[in-house]
Amino acid sequence: MDFWNAITLITNYILIPGLSYGCQLALGALGVTLIYTVLRFSNFAHGEFMSFGAMVSILLMWYFQSLGISVYPIPTIIIVLPISIIITISFCLLIDKFCFSFYRKNNSQSVILLIVSIGVMFFSNGLIRLIIGPDDRNINDGERFLLKAKTFKKMFELNEGLAIKMSQSLTIIITLILVTFVFWFLNKTKTGKSMRAYSDNKDLSLLSGINPEKVVLIVWIITGMLACVAGTLYGLDKSYKPFTYLNLVLPIFASAIVGGVGNPIGAIIGGFVIAFSEIIITFAYRRFLGYLIPENFLPETLMQVLSTDYKIAVSFLILVIVLIIKPTGIYKGKLI
Amino acid sequence: MKKFLISIFLSIFMIYPSFGENVKLGIIFGYTGPIESLTPDMAKASELAISEVNKSGKFMSGNTKIEGVRADSTCVDAAAATAAAERLVTSDKVNAIVGADCSGVTTAILQNVAMSNGVVMISPSATSPALSTLPDNGLFFRTAPSDARQGEIVAKMLIEKGLKKAAMTYTNNDYGKGLADSIKKNYQSMGGKITISASHEDGKADYGAEVSALAQAGGDILIVAGYLDQGGKGIIQGALDAGAFEKFFLPDGMIGDSLPKAIGPDLNGSIGSIPGTDSPGAKKFASLAKSNGFKAGPFSQESYDAAALIMLAMQSAKSTKSKDLKNHVMDVANAPGEKIYPGELSKGMSLLKQGKKIDYVGASAVELIGGGESAGSFREILIKGGKVTTAGYR
C-alpha cells in the first residue's frame with residue numbers, strides 16, 4: 001500500500017504537471033526551432049505570438065459564450081481554436097511583411113533579425129495589453145477535472161490523491177495530434193521536403209527551383225499555428241495574463257537549445273527535459289521517502305534540492321551545463 | 001501685449017489668495033496592482049471624511065476647503081510610488097498624505113519623500129513590523145496595527161482551533177516576510193509547528209512547484225500570507241486542484257469578496273483575520289458608507305480614520321502645515337476628551353475650535369500607541385457560503 005501511495009504522490013505532483021508543462025514548452029520550442037532552421041534567426045517574439053493567439057482565443061470564446069455555443073464538458077476555448085489559429089497566422093504574416101521581410105531581402109545578419117524580433121516582442125506585448133488589458137483571466141469554463149483527488153482517494157483507498165485536470169489531458173492530446181501532423185508534413189509532403197531542402201542549403205535549393213516566398217509563407221503558417229495552440233493551452237492550464245508569456249520565452253529557448261537547435265525532435269525532447277527538471281529539482285521528497293523507508297531513518301529536513309524560488313534558474317543551469325558539455329544539444333543541432 | 005500679459009500675471013497673483021488657503025490631502029493608494037480590488041473603497045472612505053469636514057463649514061476659518069488628490073502607489077513598485085508621492089508634494093503641494101497602502105511602498109515614500117519634505121503620512125494599511133522602529137521624525141502614523149500583533153492573533157486562533165501543524169507561504173516582500181516571521185515566532189512559542197515557510201512571487205501564471213513543496217511538508221492548514229488578487233489566489237487554486245490542502249488561513253491581505261468568488265465553494269470553512277472592531281463606530285461607518293454608495297470593505301474604516309485624524313490634528317494645531325499638525329495627531333486620537341465617532345467630525349471640529357479636548361474613536365476604534373500606530377483589534381473571519389463572514393472579535 002505504501003508503495004502505491006508513493007507512486008500516486010509522484011504521479012500527482014511530478015508526472016502529470018511535468019507532462020502538460022513539457023507539452024506546452026515543446027510546442028513553443030518547435031515553433032522557435034522551425035523559424036531558426038528556415039529563416040535563420042532566433043525569434044524572441046515567439047512568446048508574444050503565443051500570448052496573441054491566447055488573447056484571440058479568449059476574445060472569440062467570449063463571443064461564443066455570448067451566443068450560447070458550448071459543448072460540455074470541453075472548454076469553449078478549445079472549440080474556437082481553428083478560428084484563432086487563422087487570425088494568429090495572419091498576424092504573424094503581417095509582422096513578417098512589415099518587419100522581417102525587409103531584412104531578409106537585404107540578406108541581413110541573423111543578429112539584426114534577432115534584434116528586430118525583440119522589437120516585435122515589445123510591440124506585440126503592448127498591443128495585447130492595449131486590446132485585452134493586463135489582468136489575470138481564468139478561461140476554463142468546461143468541466144475542470146477528469147479525476148478529482150478526493151474521488152481517487154476513495155476509489156483506491158489510498159492516503160494520496162491523484163487529480164487529473166481536463167486542461168492537462170487536453171494539452172497532452174492536442175500536442176500529440178499537432179506534433180504528429182507537423183512531422184508528417186515535414187517528412188512526407190513535397191512542400192515539407194522543399195522546406196527542409198531550403199533550410200539545408202539555401203542556394204542549392206533556390207537553384208533547383210524552390211520558391212523561397214512559398215517556403216517562408218509555409219513556415220509562418222506552421223509557426224503561427226503552433227504558437228496559437230501552445231499559448232491557448234498554457235492559458236487554459238494555468239491562467240491567462242499577458243506578462244507571464246514574457247517569462248515563458250526563456251524556458252522555451254532553453255528547451256530548443258538543450259534539445260539541439262534546429263532539430264524538431266530535439267525541441268520536443270528539450271521541452272520535456274526542461275519541464276521535468278524544473279519540477280524534479282524543486283520538489284520536496286520527504287513525504288515520498290516516508291512511504292518507502294522506515295520512519296526512524298527519515299531525515300528532519302524536507303529533502304528539497306533547491307527552494308522553489310530558484311525554479312527559473314534551473315532551466316538556465318541546464319542550459320549552461322549543456323552548452324559546456326555538449327554545445328550541439330542532445331540531438332545534434334546547429335551551433336549558435 | 002506686454003500690458004496684457006502683465007495684467008494676466010497680476011490678476012493670477014491677486015486672485016490666488018482670495019481662493020483662500022485651500023488645503024490639499026494626498027490620497028496615495030495602489031489603484032493598480034495586487035490589492036486594486038480594495039483600494040477604490042479605501043479612497044472613497046478617505047474622501048467621505050474630507051467631504052464631511054467640508055460640509056460642516058467649521059474647519060479652520062470656516063471657508064477653508066479641503067481637497068483630496070489621488071495618486072497611484074502601485075502597492076509593489078517603490079520607484080513608481082516615490083515618483084507619485086514626489087508629484088503630490090512638489091507639484092500638487094499637498095499638506096499631508098493619507099497612505100500609502102502596502103508596507104514596502106510606504107517605507108519608500110516615507111524615507112524618500114515624506115521625511116525630506118517634512119510631510120505627515122498616516123497609513124491605513126501598512127502593517128509591517130519594521131515600520132514601528134523606522135526613524136520617521138515623528139511624521140509617520142498608522143491606523144492599522146503592526147503585523148507583530150496580527151502574528152499573535154493568528155497563532156492564538158490556530159491553537160484554539162486545535163490546529164497544531166501548519167504549512168505557510170508568504171508573498172516575497174516586506175509585508176509577507178514580516179507577517180510570516182511574526183506568525184512563526186508566536187505559533188511556535190505556543191506549541192505549534194510550522195512545517196514549511198516558503199515565499200512565492202506574485203504575478204506568475206503557475207504555482208504548481210510552490211504548491212507541491214507545501215504539500216510535501218504537509219499540515220492541518222495552509223497559511224497564505226499573500227495578496228488576494230495575486231499569488232495568494234494562485235496558491236490556493238493550485239493547492240485545491242492538487243488536493244493538497246482543504247483549509248486555509250487568510251491574513252488581512254487575503255480578505256476580500258473577490259477571493260471566494262474566484263475560488264468557489266471549496267474555500268468554505270477557511271478562516272482568517274483582519275483589523276476590525278465591533279465598536280459602535282464600525283456600524284456607524286458601515287451605514288455611512290452605504291448611503292454614500294460604497295462598501296465598508298477591508299481597510300476602508302482605517303482609511304476614513306486616517307483622513308479624519310489629519311484634519312482633526314490640523315484643527316487642533318490651528319495650522320494646516322505638517323510640521324505643526326504632527327504634534328497633535330496623538331492628542332486628538334487618544335483620551336482624554338469627548339469621544340468622536342464617524343459622522344461626527346463636525347462636532348469634533350467645533351469642540352477643538354472651542355479649545356476642548358477630543359478622543360477620536362472613529363470607525364476602527366483608533367487608539368495610537370508607541371510611535372503612533374494602532375493598538376489593534378482584529379476581526380475573526382470565516383468563509384461561509386461563498387461569503388466573507390465575521391466569526392468574532394479579539
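I count two residues as in contact if their C-beta atoms, placed from the backbone, lie within 7 Å. A reminder to myself before I start: this is a predicted model.

**Entry 1, the H7/H8 corner of chain A.** With that cut-off I looked up where helix H7 meets helix H8. On the H7(A) side I found A:Phe185, A:Leu186, A:Asn187 and A:Lys188, and they meet A:Gly192, A:Met195 and A:Arg196 of H8(A). I sorted the residues of this contact into 3 nonpolar, 2 polar and 2 charged. Next I checked the geometry: the two axes, of H7(A) and H8(A), come within 5 Å and cross at roughly 75°. That makes H7(A) roughly perpendicular to H8(A).

**Entry 2, the residue in the loop.** Between H7 (166-188) and H8 (190-200) of chain A I found A:Thr189 in the loop. Is A:Thr189 buried or exposed? I noted 12 other C-beta atoms within 10 Å, so A:Thr189 is exposed. I also took the C-alpha separation from A:Thr189 to A:Cys92, 97 residues apart along the chain, and got 23 Å.

**Entry 3, a sheet in chain B.** Here I traced an open sheet of 7 strands with mixed pairing, in the order E7-E6-E8-E9-E10-E15-E16. Which strands stand at the edges? They are E7 (193-200) and E16 (387-393) of chain B; each has a single partner strand, so one side of each is left without a neighbour in the sheet. From one strand to the next I read an average twist of 25°.

**Entry 4, inside that sheet.** I followed E9 (248-250) and E10 (271-275) of chain B, which pair in the parallel sense over 2 bridges. Opposite B:Phe249 I found B:Ile271 in E10(B). Helix H9 (231-241) of chain B packs on the sheet, touching E6, E7, E8 and E9 of chain B. I noted that the direction of H9 makes about 160° with that of E8(B).

Key: Residues are numbered from 1 along each chain as its sequence is written. Chains are lettered from A and ligands numbered from 1 in the order in which they are written. This is a predicted model: local features need pLDDT of at least 70, side-chain atom pairs count only at pLDDT 80 or more; totals for chains, interfaces and linings use all residues. A residue is buried if 20 or more other C-beta atoms lie within 10 Å of its own, exposed if 12 or fewer, and partly exposed in between; C-beta atoms are placed from the backbone. Axes are lines fitted to C-alpha atoms, for helices over the stretch in contact, and angles run from 0 to 180 degrees between N-to-C directions. Angles under 35 degrees count as roughly parallel, over 145 as roughly antiparallel, 65 to 115 as roughly perpendicular and the rest as oblique. Ala, Val, Leu, Ile, Met, Phe, Trp, Tyr, Cys and Pro count as nonpolar, Asp, Glu, Lys and Arg as charged, and the others, Gly among them, as polar. Two strands pair if DSSP finds at least two bridges between them.
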